[in-house]
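This report walks through one protein chain for a reader who is new to structures. Please keep the sequence and the 3D view open while reading.

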Amino acid sequence: MTQRPASPAPLVTSASLAAVEGVVILLLAALEIASLTGGRLTMGLTTTLFFAAYGGLLLVCAWAITHGGAWARGPILLAQLIQLGLAWNLRGGETTLVAVVIGIVALVAIAGIVHPQSVEALESQR
């Protein structure tokens, strides 16, 4: 039985950041469901389901990309682009620090996943 080579550091960094994002988004789902009221039941439930699916998918992709699942690269990249859009939307005012953190995390994750070592590792796993 041949053992798969270890994932390169840039790829592990991207996967780790995606996993942290997934956990945070799952926490947001839990907070959303905890704050449900009768007046916004439908919106709260759909938001909770969206956050739960989004966070869960990020966790699955973060695991998969370091275990030979080259297919997970696209969803992780898409999630980071969404995070950059969110950061841009939150810039200015009281949310500037949050926007900066989200933006930096997304940029580091993108840099790690498109790093030549990461691309080579993912291509060799196909």
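In this predicted model, a nonpolar patch on the surface is formed by Val20, Val24, Leu28 and Leu31, which together have about 350 Å² of accessible area. One member of this patch, valine 24, lies in helix α1, the helix that covers residues 9-34. Is valine 24 buried, partly exposed or exposed? Valine 24 counts as partly exposed because its relative accessibility is 43%, and the range for that class lies between 20% and 50%.

The wider setting of the patch is a chain whose secondary structure comes to five helices and zero strands, so that, read from the N terminus on, the order of elements is α-α-α-α-α. The C-alpha trace spans about 55 × 35 × 15 Å along its principal axes, and 33% of the 126 residues of the chain count as buried.

We turn next to the largest pocket. The space in this pocket comes to about 390 Å³, and among the 15 residues that line it, Ile25, Leu28, Gln83, Leu86 and Ile102 are the closest to its centre. Leu28 is thus named both in the surface patch and in this group of residues closest to the pocket centre. Which helices supply at least two residues each of the lining? They are α1, α2 (41-65), α3 (73-90) and α4 (96-113), and the largest share, six residues, comes from α1. By type, the lining of the largest pocket divides into 13 nonpolar residues, one polar residue and one charged residue.

A last topic is the pairing of charged side chains. Side chains of opposite charge can pair when their charged atoms come close. How many salt bridges does the count come to in this model? The count comes to one salt bridge, and its partners are arginine 40 and glutamate 32, whose closest N and O atoms are 2.3 Å apart. This pair meets the rule because the distance of 2.3 Å lies within the cut-off of 4 Å.

The two partners can be set beside valine 24 in a short table of relative accessible area.

| Residue | Relative accessible area | Class |
|---|---|---|
| Valine 24 | 43% | partly exposed |
| Arginine 40 | 31% | partly exposed |
| Glutamate 32 | 14% | buried |

Glutamate 32 is classed as buried because its relative accessible area of 14% is under 20%, whereas arginine 40, with 31%, is partly exposed.

Note on methods: Residues numbered from 1 in each chain as written. Predicted model: local features only at pLDDT ≥ 70, side-chain atom pairs only at ≥ 80, totals over all residues. Heavy atoms only, no water. Patch = residues over 30% accessible without salt bridge, like charges linked within 9 Å, V, L, I, M, F, W, Y side chains within 5 Å. Areas by Shrake-Rupley, 256 points an atom, 1.4 Å probe, with all protein chains shown as cover. Salt bridge = Lys/Arg side-chain N within 4 Å of Asp/Glu carboxyl O. Helix = DSSP H or I, 4+ residues; strand = E, 2+ residues; numbered from the N terminus. Buried < 20%, exposed > 50% of the residue type's maximum accessible area, 1.4 Å probe, protein only. 1 Å grid on protein atoms, 1.4 Å probe; cavity = no way out; pocket = protein on both sides within 12 Å on 5 of 7 lines; lining within 4 Å. Points joined across faces, edges and corners; volume = space filled by probe spheres on them. Nonpolar A, V, L, I, M, F, W, Y, C, P; charged D, E, K, R; others polar.
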